[in-house]
Amino acid sequence: MNVNQQPPIASPYGQPQPGYGQPNYAPLGGGYPGPYGPYNGPATAYQPGAPPQGYCTYASFPSKAVAANPVSALSSPLDLGSARAPPTSVPPPVSTPQAYSQYAQGDIQNGPPSMDHSMAQPAHRPPVSQLYSQGAMNLSGPQPSYPQQYGVQPPMQQVTNQMSGMQIGSGPLTSAGPGYAPPPSSQPPISAAYSAAAPPSYTQAPPPVSGSPSQPPPPSEPAAPQPYYSGPPPSHQQPFPSSSPYSGPPPSSQPRAPAVSQQQSFPPGPPPPAQQPFPNSAPPPVSRASYFGPPPPIQHSFPPRGHPPSSQPGPFPPTFAPPAQYPAPQPPSQPGPPPFHSGPPPQGPMPPPSMSQQQANHLPPGPIQQPPMQQPPQPGMQGGYPPQQNGAFGQPVGPQTGYAGPQYPGQQNYGAGPAPAPAQKRLDPDSIPSPQASELPAVQKSRHRIDPDAVPSPIQVIEDDRANKSSEPFTTGVKGQTPPLVTTNFQVKDQGNASPRFIRCTAYNMPCTADMAKQSQVPLAAVIKPLAVLPPDETLPYIVDHGEAGPIRCNRCKAYMCPYMQFIEGGRRFQCGFCSCVTEVPPHYFQHLDHTGKRVDCYDRPELSLGSYEFVATVDYCKNNKLPQPPAFVFFIDVSYNAVKSGMVNIVCQELKTLLDYLPRENPEADSVVRVGFVTYNKVLHFYNVKSSLAQPQMMVVSDVSDMFLPLLDGFLVNVNDSRMVIESLLDQIPEMFEDTRETETVFGPVIQAGLEALKAADCAGKLFVFHSSLPIAEAPGKLKNREDKKLVGTDKEKSLFQPQSGFYSNLSKECVAQGCCVDLFLFPNQYVDVATLGVVPVSTGGSVYKYTYFQAETDREQFLNDLRRDVQKPMGFDAVMRVRTSTGIRATDFFGSFFMSNTTDVELAGLDCDKTVTVEFRHDDKLSEDTGALMQCAVLYTSCSGQRRLRVHNMAVNCCSQLADLYRNCETDTIINFISKYAYRSILNTPTKTVRDTMVNQCAQILACYRKNCASPSSAGQVSQSLSSPLGQLILPECMKLLPVYLNCVLKSDVLQPGADISLDDRAYLRQLLSCMDVSESHIFFYPRLLPLVKLDGGSLPMAVRNSEERLSKGGVYLLETGLHLFLWVGANAQQELLSNIFGTPTFSQIDPNMTSLPELDNPFSQRLREIIDSFRSQRSRYMKLMVVKQEDKAELIFKHYLCEDKSVSGGASYVDFLCHMHKEIRQLLS
């Protein structure tokens, strides 16, 4: 189930010319040198190309084997209703009980724990609904639908012995799900069910026919509590509550059922009798608590069962399907399923397992839903389960194309999915069905739990995209193509549109009309990162110098020359692609046209053939028509008591001595032209004269902070190389001067004012680095009071806590932007400092806020210094203005990020660095045309760090569509989530948090409901209408938006929108400001962290990530979690001794120091590779991620679990599965 399965399309433009690889691109005599011969680059007018490779216009939903429906290729049906559609999984073998090796070298598994032979337990039902019999299965014809009674239950040993001959083979993978392969059918690709294909395979097999249960159900009376195992678990290891069946393919020699290419209808018959749940089946996890809602009128439930695992609260009731939907059970020819007893379920709600039960079991989480099954070791493996294809460890649960879901209190049942045609299926012990929707009366549906492995997996989507799109370069010449995901490593070839590293859009096919946009509710926005750093194998934007004449522009809309301009009249004029105005071509820019209407020098000029480039700006583009001075950096160091005692002052002063050699510069060979100045402060300010002619620095104190001024001009801002001796002397003296200070009060407003005055006096732009420790309570402008009030959290007044205390800092930031004074704030608080107010100036000036709560020199030094080094060295522009122009029909209406706007069009940034993004929302002001598409041009005017005024231009063309299906086919979920989260985080300034969350859920529901109503094929729901539920019983998601619910739920549960009791107001304000300028790759990892199992770290590739749930963690494993701001190393209590020795240098779990922030440098390949991975992760992020070691069952584990975002959160956030069901309920309400 791949998102954007087609590989990158070969561009119609051919290969770029070798001339583009030459670094010294400069005009000679008004033209460009000859080596840049023409190549088939971007056309000025895009012709519609061939459809993408791998895209089939006749793809359909899994409910039909073949259907001619182009829309359904977009969607993935997910049945949350009364009938659980048959699975598409290939089940595992069940063999004679084998001792399970928890400590297999190099392998981590999520399977059952080790057990003795004496502890073998019966094989529990796997999550499939396929009839099991020892002979070949016949799935091709209609099945009787009358209820079956079975003979006497055979002893478990007998069943186990019968299955023991079946082994796991190494047959091909099937596309039914993670680790499965497609049956050999000649069908065209059909729309993906909720489990993606193995990367090379794109064909989905139709699901198999539902069968009957073949596991022993309990008698009709409540079953006595029954332990999981026949004996107590071994003391060294707790049993896992459940495990998922193994996903490996069976041997090809196993009998296969014939493929059926048409959906079969089954003769109607009476529904099967009620079935009680199994006493030993795994109840649903605790973490999957229901989404809260109104209580149900009547809740029916089931007899208690023996010792549910601690992570799972209630029964797993199967649900019921109507007649004519699934075949009834077949009588087995071999001793098999025991008789079923029908009887009404007991009334009354099922009590959750008691705490004593949970504590007695004390079971760590395992994979989902299924009790443990013994597994024979595979050849070449030393024991344990191999990693699953979808990133989980242990036995994967077969994905289901449709399945029944949990019900919220008071909620209607979702209905049933279609009865899909039988698929080719190998005979395998996992064919033993679990009781499905077809086997229980309707009253038992309300507590059914969805198998988390059957819902869309972010890991699978990420892996599929990597497999499909990382091998070929992404060429930007084809208008409207969706780029690879941000998690995929890919190379970009610029052929007329900006690289996705500079611009990512929420939709690459814009709706033609405002009504269509309103109907779909898909946000139309672009996340723009104008100065993004490119990887070494990509060329930086070329710098074009047109001399004194400056860049060529449209006379009317002032758009800059770009590939969308059409030259006419033999090249003497050009027609603007944005406003259609015709403009004369200046004589010095004239060039003849070839037979296709293109200029003959088209491919010699970056502005005519590339999506991104830079112009050298003339004096007309400079402030006051005067060329700018090189920028300056001023360092303000808080020397109050807290700052000195924490060690911050000493660390800053020592670091600056070396850091000043790394000030930003364009030519690495030359010295930086950036000048520097130094100020210390508490409740007064100390300025330092570090003129090169002085033997010692001089200090001047300004105590009248109410009227700030600069006490010296000459000697304050100096060149580092000229004044190096004086600067180093000053930095050595500062810690000594203030080491005995008793001053605890600080100021903040006057500090910014002083820096602003210094830049004004030097007539230059620049950046202030402020190192600050406490709430500024000293008498001075900008004085603040402590307004932290936890009682306001969750009330309508909560929004006031995110707003600045006064307008002082807003006015100050306006002055800073006018001067080009950017502020970066490093906070070292031990208590509340009102980040919401202190952050106003950094956020408004394009700066950054860094926060180190309870800063300790020993543990936080590395993080702070790495952040400071990167902040000082990174490429940036100063005194910037950005404008986004669009073609007729749409316009930029809203902007998000760290900037200031004095009008509705110009985004003003005192500083713009390589990490900052500006997010732009577009709205219609007229109709768009499918023929011309929509164009946008982002132009940023800035001063480089060398003092040169430049214009960076990024161009983007997208398609337009009149069909909603085309819109839903070309969206990018990560960018949509980036935009929605920024919109929500800004909304909490004026709207109660609960209202913001409800609005987000409603918008998401409307997006998906519009797709369900207008794009999902009627056949995709199959014969749902025959069910007892409504035809809306199937949740169908667009293929490229199937992760929208899981990501949206992560945003809803984030600390800003749904804080836990331990999150401070400062932290929430900090995260809110931080997100406002995040790019898509950072927001992705921020909301859905990356969880890597540290198994075999051989070779250069990373181990496949697993999903963010506690159930994916193995007690015998070690995992690395990356959140974008933190790194956690989680160590299981039963981790192998060799693994611990390789990582920590100690063989025992108890000897690991949980306070370490860096791993010991051990001389073994595992340790070296792990440290390389950690360094690699850190290099990809804009902020240094501090490492935290978390031992299982340690108190720090609560922090770690907070980031497992598919689980229910402590603060009340729903689990992924519960939220998906809640979303389905919302969609059904909208559609009904």
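Start by selecting β4, β6, β23 and β21: these 4 strands make an open sheet in the order β4-β6-β23-β21, and their pairing is antiparallel. Keep in mind as you click around that this is a predicted model.

**Stop one: the edges of this sheet**

Colour residues 503–505 for β4 and 890–896 for β21. These are the edge strands, and each of them pairs on one side only. Going from one strand to the next, the twist averages 25°. If you're wondering what holds neighbours like these together, strands of a sheet pair through backbone hydrogen bonds, either parallel or antiparallel.

Now zoom in on β21 and add β23, which is residues 918–924. The two strands run antiparallel and are joined by 6 bridges. For a landmark on this pair, show Ala892: which residue of β23 stands opposite Ala892? Phe922 does.

**Stop two: a helix over the sheet**

Leave the sheet on screen and select residues 973–987. That's helix α15, which lies across β4, β6 (525–528), β21 and β23. Compared with β21, α15 runs at about 60°.

**Stop three: α7 and α13**

Next, bring up residues 648–659, helix α7, together with residues 857–873, helix α13. They pack at an angle of about 35°, and their axes are 11 Å apart. Where α7 passes α13, the crossing is right-handed.

Turn on side chains to see who meets whom. From α7, pick Ile651, Val652, Glu655 and Leu659. Across from them, α13 brings a list that includes Phe864, Leu865, Leu868 and Val872, along with Arg861 and Arg869. Sorted by class, this contact has 8 nonpolar, 1 polar and 3 charged residues.

**Stop four: the second sheet**

Jump along the chain to β27, β28, β29 and β30. These 4 strands form another open sheet, in the order β27-β28-β29-β30, and here the pairing is mixed. Colour β27 (1090–1093) and β30 (1186–1191): both stand at the edges with a single partner strand, so each has one side without a neighbour in the sheet. The twist from one strand to the next averages 20°.

Zoom in on β29, residues 1126–1131, beside β30. These two run parallel, with 6 bridges between them. Show Leu1129 and you'll find Val1189 of β30 standing opposite.

**Stop five: α20 and its partner helix**

Add residues 1137–1144, which make up helix α20. This helix lies across β28 (1118–1122), β29 and β30, and runs at about 145° to β29.

Then add helix α21, residues 1165–1180. How far apart are the axes of α20 and α21? They are 7 Å apart, and the helices pack at an angle of about 60°. The pair is therefore oblique, and the crossing is right-handed. Show the side chains of Leu1139, Asn1142 and Ile1143 in α20, then Phe1166, Ser1167 and Leu1170 in α21, since these residues make the contact. They divide into 4 nonpolar and 2 polar, with no charged residues.

**Last stop: where to go easy**

Finally, colour everything by pLDDT. The protein's mean is 74, and 62% of its residues reach 70 or more. Select residues 81–152, where pLDDT stays under 50; the model has 365 contacts beyond four places in sequence for them. Residues 1020–1030 also stay under 50, with 40 such contacts. Where pLDDT is low, the predicted coordinates shouldn't be read in detail.

Definitions and conventions:
Residues are numbered from 1 along each chain as its sequence is written. This is a predicted model: local features need pLDDT of at least 70, side-chain atom pairs count only at pLDDT 80 or more; totals for chains, interfaces and linings use all residues. Side-chain values use heavy atoms; hydrogens and water are left out. Two strands pair if DSSP finds at least two bridges between them. Axes are lines fitted to C-alpha atoms, for helices over the stretch in contact, and angles run from 0 to 180 degrees between N-to-C directions. Contact means heavy atoms within 4.5 Å. pLDDT is the predictor's confidence in each residue, from 0 to 100. Angles under 35 degrees count as roughly parallel, over 145 as roughly antiparallel, 65 to 115 as roughly perpendicular and the rest as oblique. A crossing is left-handed if the near helix is turned anticlockwise from the far one by less than a right angle, and right-handed if clockwise. Ala, Val, Leu, Ile, Met, Phe, Trp, Tyr, Cys and Pro count as nonpolar, Asp, Glu, Lys and Arg as charged, and the others, Gly among them, as polar.
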